[in-house]
Amino acid sequence: MIWKTIEKPKQGWAVVPNLLDYDQVRAEFSWQAARRELDGLPSGGGLNIAYEAVDRHAAGALSEHLALRWLGKRGEIRDFTYADLRALTDRFANVLKRLGLDAGERVFMLTGRIPELYISALGTLKNRNVFCPLFSAFGPEPIRQRISIGDGRVLVTTVTLYQRKIAELRSALPGLKHVLLIGTPDELRAIPDTKDFHQLMEQADNRFDIPPTDPEDLALLHFTSGTTGKPKGAMHVHQAVVAHHMTGRYALDFHPGDIFWCTADPGWVTGTSYGIIAPLTHGITSIIDEAEFDAERWYGLLEQQKVTIWYTAPTAVRMMMKVGTEVIRKFDLSNLRFIASVGEPLNPEAVVWGQEAFGLPIHDNWWQTETGGIMIANYAAMEIRPGSMGRPLPGIDAAIVRQRKDGTVEVVDAPEVEGELALRPGWPSMFRGYLNEDARYRKCFADGWYLTGDLAKRDRDGFYWFVGRIDDVIKSAGHLIGPFEVESTLMEHRAVAEAGVIGKPDPTAGEVVKAFVALKPGFAASEDLRLDLLGFARRRLGVAVAPREIDFVANVPKTRSGKIMRRLLKARELGLPEGDTSTLESD
Ligand code: AMP
């Protein structure tokens, strides 16, 4: 199906988008100028993320402005102004200082989305320690692996998580000197070798002077899973904040007074770059929801909190699509101005559904753990071509490339030709390496390009279109097939809620396309439905690309950050080892 471009008005905006003239802003943009929009530490002490996010606002007109509003699972609400956040993060920085932590030492966090997580993250950065978030749903082994690769010195966690996951690991983590527990004094009394987080906070001073911080000092360590092998720790530096800030302005269209909700967990990079840092550097209000997805609850939150900008993920959008648009009509979502999505391809169907459901299209954007911030995006003022990731941010040079056998790189200039998506290194949130894995890091570069591992193409107007992870691409009878295209088509069928597509080895074709499909409520798996789906896909995609086989599944396996785990579908289909499944979401 050819999706119609979604046009945007040329004028008459209620809030004028920050990026009105893409070509002009791109032509005039420089990272040096972007850096000057931040303050830097007083008296030339360098650049520290937490200072830009918190202290500079707390010292100025935004001191009493709401920085974070936390919504607990049981309906609790806790508000933190910029002044509150300053005092609390200063306390935590003092806690770390008193524990004797040196600059660069790692502080791991294993909690749900609770206020202590946000306070610890920013306090860690103030003391020039490295913030390393972990998903609270990780089991003991992924936790052990990451803390030991990252040489964690401190772990902040809750009593429950400690008892369930960490206690048994302590002897295997000799470098982990301090475990700070969040819990009641009664709960804590019974647990040896740990410290009381809240007691340490109370004892600590609420003023802390951030020491001079080199913009290149290590700030964040985010683990990312490869298809094989151990998780890799992508290292980011304080200077990344320049990119967080700038992309908040152009890709997410932050304006003063905005109320922003990023649904991502800080256990992965979106939840840190945009769930913590970017809204705060802009001095706006950020909503944190402790609970997991629930469509009605989410719409209620958008209404009650008067959310203006909402950053979510395709997996959530698909879940909302499953529930349908009727329920949305019960809510007043008139404050909502801009919706964006990241993490995996956003099916064109979903972009258009947003328009129908919210009166706003969903703006897909693309980036990776390694890039630290949004690289390619659909913008508030720019037309949307459903299914496209949009155009590169100002300051970001992207290209479609092919790597030659001798390692050199050929840039593919022609439009509509598939190749690897590559970026010219040099933006501030670019990762500085994989911790202790220099060879793996160096393999990501060739001929002055950073190779993303994604296949994509560019149309003649400079919009980028995602084809697939190079590892996931299906090669069938001479065709290269991106699983996303097939999944998107299947999702256009009224019975399909989600689809995951893989290549299955085949003696004649090399691989054939196989789809795993989860159905919407009200539809039951049957042979008739399977045939209907096969026919539907064949009509839309043609025989060369349509799935040959379709299996019905209750759920398509996904990572906790919502990405379809095609390699797991494939391993299960072929009876191969499942590899690293530490990020798998458990339904
Ligand atoms: P991670 O580092 O875990 O955030 O994963 C990054 C990968 O997710 C990218 O290399 C893409 O394969 C995929 N991804 C993220 N955002 C998008 C998007 N908007 N469209 C397509 N793929 C995406």
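This report walks through a predicted model of a protein chain with a ligand, going from the overall fold to the ligand site and then to one lysine.

**The chain as a whole**

The chain holds 18 helices and 27 strands. Its radius of gyration comes out at 24 Å, close to the 25 Å that the globule rule gives for 587 residues, so the chain is as compact as a globular protein of that length. If you want a box for it, the C-alpha atoms fill one of roughly 70 × 60 × 55 Å along the principal axes.

Buried residues account for 61% of the 587 residues. As for contacts with a separation of 6 or more, 70% of them join residues 24 or more positions apart. On the outside, the chain exposes about 23,200 Å², and carbon and sulfur atoms supply 49% of that area.

**Around the ligand**

Now for the ligand site. The shell has 16 residues, of which D364, N365, Q368, T369 and D454 come nearest to the ligand. Sorted by class, that shell has seven nonpolar, four polar and five charged residues.

Here are some polar atom pairs between the ligand and the protein:

| Ligand atom | Protein partner | Distance |
|---|---|---|
| oxygen | T369, N or O atom in the side chain | 2.5 Å |
| oxygen | R469, polar side-chain atom | 3.0 Å |
| nitrogen | P345, polar backbone atom | 3.4 Å |

So much for single pairs; what about cover? Taken alone, the ligand exposes 500 Å², and the protein buries 90% of that. Two elements give two or more residues to the shell: β14 (362-366) and β22 (464-469). Of the elements, β14 gives the most, with three residues.

**A lysine in a strand: K514**

Which strand does K514 lie in? The lysine belongs to β26, which covers residues 510-519. Is K514 buried or exposed? With a relative accessible area of 3%, K514 falls under the 20% cut-off, and therefore counts as buried.

The side chain of K514 does have a polar partner: it makes a polar contact with the side chain of E573, at 3.1 Å. Leaving aside residues up to four places away in sequence, K514 touches G500, V501, I502, K504, E549, D551 and E573. E573 thus turns up both in that list of contacts and as the side-chain partner at 3.1 Å.

Notes:
Residues are numbered from 1 along each chain as its sequence is written. This is a predicted model: local features need pLDDT of at least 70, side-chain atom pairs count only at pLDDT 80 or more; totals for chains, interfaces and linings use all residues. Side-chain values use heavy atoms; hydrogens and water are left out. Helices (H or I, at least four residues) and strands (E, at least two) are DSSP runs, numbered from the N terminus. Buried means under 20% relative accessible area, exposed over 50%, partly exposed in between (1.4 Å probe, protein chains only). A polar contact is a pair of N or O atoms within 3.5 Å; within protein, one must be able to donate a hydrogen and the other to accept it, and residues adjacent in sequence count only if both atoms are side-chain atoms. Contact means heavy atoms within 4.5 Å. A residue is near a molecule or strand if one of its heavy atoms lies within 4 Å of it. Accessible areas come from the Shrake-Rupley method with a 1.4 Å probe; for residues, only the protein chains shown count as cover. Ala, Val, Leu, Ile, Met, Phe, Trp, Tyr, Cys and Pro count as nonpolar, Asp, Glu, Lys and Arg as charged, and the others, Gly among them, as polar. The radius of gyration is taken over C-alpha atoms; the globule rule is 2.2 Å times the number of residues to the power 0.38.
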